[in-house]
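Me: I would like to learn how to read helix packing, burial and backbone geometry from a set of coordinates. Could you take me through these topics one by one?

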Amino acid sequence: MPDTAGSDRRVPTTIVAMPGTGSDADYVHRAFGPAADEIGLTLIALEPSKNLVDGHLRSLDELADDAGPLIVGGVSIGAAIALSWALHSPCAGVWAALPAWTGDPAAAPAAWSARATAGALAADGLEPTIVAMAASSPDWLAAELSRSWRALHPGLADQLTEAAGFHSPDLSKIATLTAPLAITTAVDDPVHPGEVGREWAAAAPRSALTEVTLADWGNNPAVLGFGCARGWLDIC
């Protein structure tokens, strides 16, 4: 593995990654685990806690003390939390899969979806909300969210609400990032617009962007991790 040229120049052995909103560590293992294994990294996949953002940030601080230098990463809100942490903490790189918004979440489709789901859970309960979600989702997504929502309930609604209010780093902040930023984005995903990934890549001093399709990662979550891993290796 190459030496890194990020804000922490020691050779990393560990990646810590966080799931998207409504998802869990099981998905992170499938998305990032194969790529981590291929390049000799130990993957630590974080489970969401009641205090979603602060819980992840505390875990990153603790793990950096014990296992640093870290590569940090995640999917959707997990990618945004990883990037936010990396802007203030030395690390060996950021693997950002499917970033969902930049800055204020107010108009972001992913934040709107999280708020709507939290509202449905409060009004209708878990199982009716799952039925409604499955009726309007591709089969693979319906199966994945049905599994993770049941696993995360009853804390799911609070996690969705907190994620929907998270202010992701804006472009001026991303421009100060010292670690290499590797992004995988989906060109045809309306919830995680490809333009967000392209904005992040353009703003960061050192970045790599891999573009996939919704079907690519829907059928094989590992394409998210492999896209980030190969991009990171290219810019280290």
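Reply: What follows is a dialogue about a predicted model, taken feature by feature.

Me: Let us begin with helix pairs: at what angle do helix H4 and helix H7 pack, and how far apart are their axes?

Reply: Two packed helices are described by the angle between their axes and the distance between the axes. Here helix H4 (residues 109–124) and helix H7 (residues 156–164) pack at an angle of about 150°, with 8 Å between their axes. Since angles over 145 degrees count as roughly antiparallel, H4 and H7 are therefore described as roughly antiparallel to each other. The crossing in which H4 passes H7 is left-handed.

Me: Which residues of H4 and H7 meet?

Reply: On the H4 side the residues are Ala-111, Ala-114, Arg-115, Thr-117, Ala-118 and Leu-121, and they meet Leu-156, Ala-157, Leu-160, Thr-161 and Ala-164 in H7. By class, the residues of this contact between H4 and H7 comprise eight nonpolar, two polar and one charged.

Me: How do the axes of H4 and helix H5 cross, and within what distance do they come?

Reply: The axes of H4 and H5 (residues 126–135) cross at roughly 135° and come within 7 Å. That angle falls outside the ranges for roughly parallel, antiparallel or perpendicular pairs, so H4 and H5 are oblique to each other. Their crossing is right-handed. In this contact Thr-117, Ala-120, Leu-121 and Asp-124 of H4 meet Leu-126, Pro-128 and Thr-129 of H5, and the residues divide into four nonpolar, two polar and one charged.

Me: Turning to burial, is His-56 buried or exposed, and which residues does His-56 touch?

Reply: A residue under 20% relative accessible area counts as buried, and His-56, with a relative accessible area of 2%, is therefore buried. His-56 is found in helix H2 (residues 52–67). Not counting residues up to four places away in sequence, His-56 touches Met-18, Pro-19, Leu-46, Glu-47, Pro-48, Asn-51 and Ile-81. The C-alpha atoms of His-56 and Trp-85 are separated by 9.4 Å, although these residues are 29 residues apart along the chain.

Me: What does the side chain of Ser-146 lie 2.6 Å from?

Reply: A polar atom of the Ser-146 side chain lies 2.6 Å from the backbone oxygen of Ala-142. Ser-146 belongs to helix H6 (residues 139–152) and is buried, with a relative accessible area of 11%. Leaving aside neighbours within four places in sequence, Ser-146 is in contact with Ile-130 and Met-133.

Me: Which residues of helix H9 are buried, and what do they pack against?

Reply: In H9 (residues 194–203), the buried residues are Gly-194, Val-196, Gly-197, Trp-200, Ala-201 and Ala-203. They pack against helix H3 (77–86), strand E4 (93–97), helix H8 (171–174), strand E5 (181–186) and strand E6 (207–212).

Me: Finally, what is notable in the backbone: what is the phi of Ser-76, and of Leu-98, and what kind of peptide bond joins His-153 and Pro-154?

Reply: Most residues other than glycine have a negative phi, and most peptide bonds are trans. Ser-76, however, has a positive phi near 60°; Ser-76 lies in the loop between strand E3 (70–75) and H3 and is buried, at 7% relative accessible area. Leu-98 likewise has a positive phi, of about 55°, although it is not a glycine; Leu-98 sits in the loop between E4 and H4 and, at 1% relative accessibility, counts as buried. The bond joining His-153 and Pro-154 is a cis peptide bond, with omega about 10°, and Pro-154 is located in the loop between H6 and H7.

How values were computed:
Residues are numbered from 1 along each chain as its sequence is written. This is a predicted model: local features need pLDDT of at least 70, side-chain atom pairs count only at pLDDT 80 or more; totals for chains, interfaces and linings use all residues. Side-chain values use heavy atoms; hydrogens and water are left out. Helices (H or I, at least four residues) and strands (E, at least two) are DSSP runs, numbered from the N terminus. Buried means under 20% relative accessible area, exposed over 50%, partly exposed in between (1.4 Å probe, protein chains only). Contact means heavy atoms within 4.5 Å. A polar contact is a pair of N or O atoms within 3.5 Å; within protein, one must be able to donate a hydrogen and the other to accept it, and residues adjacent in sequence count only if both atoms are side-chain atoms. Axes are lines fitted to C-alpha atoms, for helices over the stretch in contact, and angles run from 0 to 180 degrees between N-to-C directions. Angles under 35 degrees count as roughly parallel, over 145 as roughly antiparallel, 65 to 115 as roughly perpendicular and the rest as oblique. A crossing is left-handed if the near helix is turned anticlockwise from the far one by less than a right angle, and right-handed if clockwise. Ala, Val, Leu, Ile, Met, Phe, Trp, Tyr, Cys and Pro count as nonpolar, Asp, Glu, Lys and Arg as charged, and the others, Gly among them, as polar.
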